[in-house]
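This report looks at how one protein chain is arranged around its ligand. Keep the sequence and the structure in view while reading.

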Amino acid sequence: MGSTTGSDAGYDALLVVSFGGPEGPEDVMPFLENVVRGRGVPRERLLEVEAHYQRFGGVSPINRQCRELIDALDVDLPIYWGNRNWHPFLEDTVRRMKEDGVRRAAAFVTAAYRSYSSCRQYLDDIDRARAAVPGAPEIVKLRHYYDHPGFVAAMADHTREALATLPEDVRTGARLVFTAHSIPVSMARTAGPSGGAYEAELRETARLVVEQVDAGRPWDLVWQSRSGPPQVPWLEPDVCDHLEALHAEGVPAVTLVPIGFVSDHMEVVYDLDTEAADLAGKLGMPLTRAATAGTHPRFVSMVAELLAEPAPAPCPGTCCPAPARRPS
Ligand SMILES: CC1=C(CCC(=O)O)c2cc3nc(cc4[nH]c(cc5[nH]c(cc1n2)c(C)c5CCC(=O)O)c(CCC(=O)O)c4C)C(CCC(=O)O)=C3C
Ligand SMILES: [Fe+2]
């Protein structure tokens, strides 16, 4: 396993860590129960989300996207893959890594920004999986890559392509609307080492993308896929409310850029391509959606570049704290 990639930091394997998603109708409810265990998501919300998955035959695009990314990666290390919420589960993968003799793996997490859900929770998942496997390998989480030139270049290319598919007469006036998964306001406040990192990092990535695509074009950052009980405040505005507001202001067209997701998820194919697209149709407002980073060559090469960096310092234990667990 003498490798060029990652040899400085001494890795002998790459572990891709993701959220996981169902791959058939029977998987949907058990998957959702894994996601929301102890998190106080109301039953009605769960049934609503179940229906989104069932519209697509119970299949989320996320696992396929993980497989495609892994196939596209060009690294001189064995690659493993483990998820938080669905097969292949992280714990099973860590067990296999141990059996294969892996000693020190780098973890690439398919979430680019800092928050409890997108950083600390993955660190906790890794710790829990290691604790369940005696002799488990050391696992070093690679750094956050929201502002990495590879991620930015991929999203800039995809944004340019989506703008170019708008009808010509509305293209010049079209607004770029960046979207990310909403999180509770309390979680946003405590994101990162000094708070507010989730929103600040998303804004920075959006700014870098706009700079490459069309500096000076107006853009917004809005939120999608709100969950949780209605009395708990989450980041706003929601993308659909925002589309209505833009339409009322006379904005002639929109290109949505799901900057918060690194590949297609149910949130992208349902909340944007179905719900937001239907709304735009009703409003008579042309809408296109930028592809996620997925297997864009610059995003793929970014992973190898991250592996070649010196091992990052671990997140301070105080950053991105877990929210209080609520019974559902
Ligand atoms: C910040 C963030 C990311 C981005 C970072 C990352 O990528 O990790 C993300 C990704 C994802 N979220 C996903 C799915 C879900 N998220 C939920 C619920 C929640 N998400 C939250 C936050 C985030 N989520 C939060 C604070 C909750 C409330 C409950 C809790 O505190 O955990 C629920 C429950 C039902 C509902 O929607 O209410 C589902 C089904 C999928 C898979 C989709 C697929 O199958 O394609 C992916 C990639
Ligand atoms: Fe963190």
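Ligand 1 has 25 residues around it, and Gly21, Ser60, Ser227, His265 and Met266 come nearest. Four elements give two or more residues to this shell: α1 (28–36), α2 (43–55), α5 (116–131) and α11. The largest share, three residues, comes from α1. Sorted by class, the shell around ligand 1 holds 10 nonpolar, 12 polar and three charged residues. The model is a predicted one, and every value here is computed from it.

Where does ligand 1 lie with respect to domain 1 and domain 2? Both domains give residues to the shell around ligand 1, so the ligand lies between them.

**The two domains**

The domain assignment divides the protein chain into domain 1 (13–144 + 295–308) and domain 2 (149–289). In sequence, domain 1 is thus written as two segments, while domain 2 is written as one. The centres of the two domains, taken over C-alpha atoms, are separated by 24 Å. Their contact takes 26 residues from domain 1 and 25 residues from domain 2. On the side of domain 1 that touches domain 2, the elements giving two or more residues are α2, α3 (62–72), α5 and α12 (297–308). The largest share of that side, five residues, comes from α12. By class, the side of domain 1 that touches domain 2 has 12 nonpolar, 10 polar and four charged residues.

Two of these helices appear in both settings. Helix α2 gives two or more residues to the shell around ligand 1, and α2 also gives two or more to the side of domain 1 that touches domain 2. The same can be said of α5, which is listed for the shell and for the side that touches domain 2.

**The annotated positions**

The unreviewed UniProt entry lists His181 and Glu267 under "binding site". The two are spread over 87 residues of sequence, yet they cluster in space, with a largest C-alpha distance of 8.2 Å. The table sets them side by side.

| Residue | Element | C-beta neighbours within 10 Å |
|---|---|---|
| His181 | strand β5 (residues 175–181) | 24 |
| Glu267 | helix α11 (residues 266–283) | 21 |

Are His181 and Glu267 buried or exposed? A residue counts as buried if 20 or more other C-beta atoms lie within 10 Å of its own. His181 has 24 such neighbours, so His181 is buried. Glu267 has 21, so Glu267 is buried as well.

Neighbours within four places in sequence are left aside in the contacts that follow. His181 is in contact with Gln224, Ser225, Gly260 and Glu267. Glu267 is in contact with His181, Gln224, Ser225 and Phe261. The two annotated residues therefore touch each other by the 7 Å C-beta criterion, and Gln224 and Ser225 appear in both lists.

**Strand β5 and its partners**

His181 lies in β5. Six of the seven residues of β5 are buried, so the strand is largely enclosed by the rest of the structure.

Which strands pair with β5? Strand β7 (residues 254–257) pairs with β5 in the parallel sense over four bridges. Strand β6 (residues 219–224) also runs parallel to β5, and six bridges join the two. Phe178 has a counterpart in each partner strand: this residue stands opposite Val257 in β7 and opposite Leu221 in β6.

Technical notes:
Residues numbered from 1 in each chain as written. Chains lettered and ligands numbered in written order. Predicted model: local features only at pLDDT ≥ 70, side-chain atom pairs only at ≥ 80, totals over all residues. UniProt positions renumbered as here; feature names shortened; annotations may be inferred. Buried ≥ 20, exposed ≤ 12 C-beta atoms within 10 Å, placed from the backbone. Near = placed C-beta within 6 Å. Nonpolar A, V, L, I, M, F, W, Y, C, P; charged D, E, K, R; others polar. Domains from an automatic or database assignment. Pairing = 2+ DSSP bridges.
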